[in-house]
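Let's talk through a fold together, one question at a time. Have the viewer open while you read.

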Amino acid sequence: LPLRLGLAYPLARKFRTGLTLGMYSLVIFTMVFLSSMSTSFNGQVENYTDDERGGFDLVVSSSRSNPPTTEELESVEGIDTVAPLFPGQALFQPDGYDEPEAWPITGASDQLVEQGPPALEERADDFDTDAAVWDEMLADPNTIIISGWFLQGGVASTASIIEVGDTMRVFDPVTEAETERRVIGILSSDSTFSGGFLSEESARELFGERAVASRFYLDASGSEADARELGRTLQGDFLANGVE
């Protein structure tokens, strides 16, 4: 009797019952889907951070017109190592691109490679380790390490995918001087939008006097909490330099 009474109305109003169950199912599906997506993304934060950080704790960006010096940052208590970086933007034209595309690029110092550079997702066949790729980048100014989405989102919709081993034409956006760079590695993560890494010598060849150390990777002594506090201290102490 309870079963018959319980099914009496649903069987008498099948369409209304179906709509009610459908709406309820849609709500539950949406909640489960959003929870799964949120958990998935949150779970990747640490992985992306580890791939990006290398052997460092903080990345510091500053004003290009008034950046702090390496010595000023090294003098701050709690900072063990400072790796200056030389960010800029160049024009790149790989095979398949009808026109050069603008993209950020970063000159890397020796300190970055010595302390521990970002992880690589892919490297050229003639290198056995990621360390060998970074050493080659420092030694050969004609090489470059790019991010996984290098030049993605540009206007050249028919452009070919850039792969390890490809050689790209590179132009100075101001002087339009042309050089070439060979891709020897691809970064696992580029959440700091470095665009790609080349040596400091290569950056100076591209940008000349416009190659300014306005971004820094910092290795901080102490715990992660100490590093976060140090980051807030740096923003206050170097406010005039636009440190973030």
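What follows is a short chat about strand pairing, the core and a pocket.

Student: Before we start, what kind of model is this?
Tutor: Residues are numbered from 1 along each chain as its sequence is written, and side-chain values use heavy atoms, with hydrogens and water left out. Local features need pLDDT of at least 70, side-chain atom pairs count only at pLDDT 80 or more, and totals for chains, interfaces and linings use all residues, since the model is predicted.

Student: Which strand pairs with strand 7 in the parallel sense?
Tutor: Strands here are DSSP runs of E with at least two residues, helices are runs of H or I with at least four, and both are numbered from the N terminus. Two strands pair if DSSP finds at least two bridges between them. Strand 4 (residues 120-123) is antiparallel to strand 7 over three bridges, and strand 6 (residues 167-171) is antiparallel to strand 7 over five. The parallel one, with four bridges, is strand 5 (residues 143-146).

Student: How many residues of strand 7 are buried?
Tutor: Buried means under 20% relative accessible area, exposed over 50%, and partly exposed in between (1.4 Å probe, protein chains only). Strand 7 spans residues 178-187 and is mostly covered. Of its 10 residues, the buried ones number seven.

Student: In the hairpin of strand 6 and strand 7, which residue takes a positive phi?
Tutor: Within the paired strands, Met168 sits opposite Arg181. Six residues lie between the two strands, and the one with phi near 65° is Glu176.

Student: Which strand gives the most to the largest nonpolar core?
Tutor: A nonpolar core is a set of buried Ala, Val, Leu, Ile, Met, Phe, Trp, Tyr and Cys residues joined through side-chain atoms within 4.5 Å. This one has 53 residues, and Trp134 is among those touching the most other members. Seven of the core residues come from strand 2 (residues 79-93).

Student: And which helix gives the most to the lining of the largest pocket?
Tutor: On a 1 Å grid over the protein atoms alone, a pocket is an open set of points where a 1.4 Å probe fits, with protein on both sides within 12 Å along at least five of seven lines; lining residues have an atom within 4 Å of a point. There are 22 of them, and Arg228 is one of the closest to the centre. Helix 2 (14-53), strand 1 (58-61) and helix 7 (224-237) each give two or more. With seven residues, the top contributor is helix 7.
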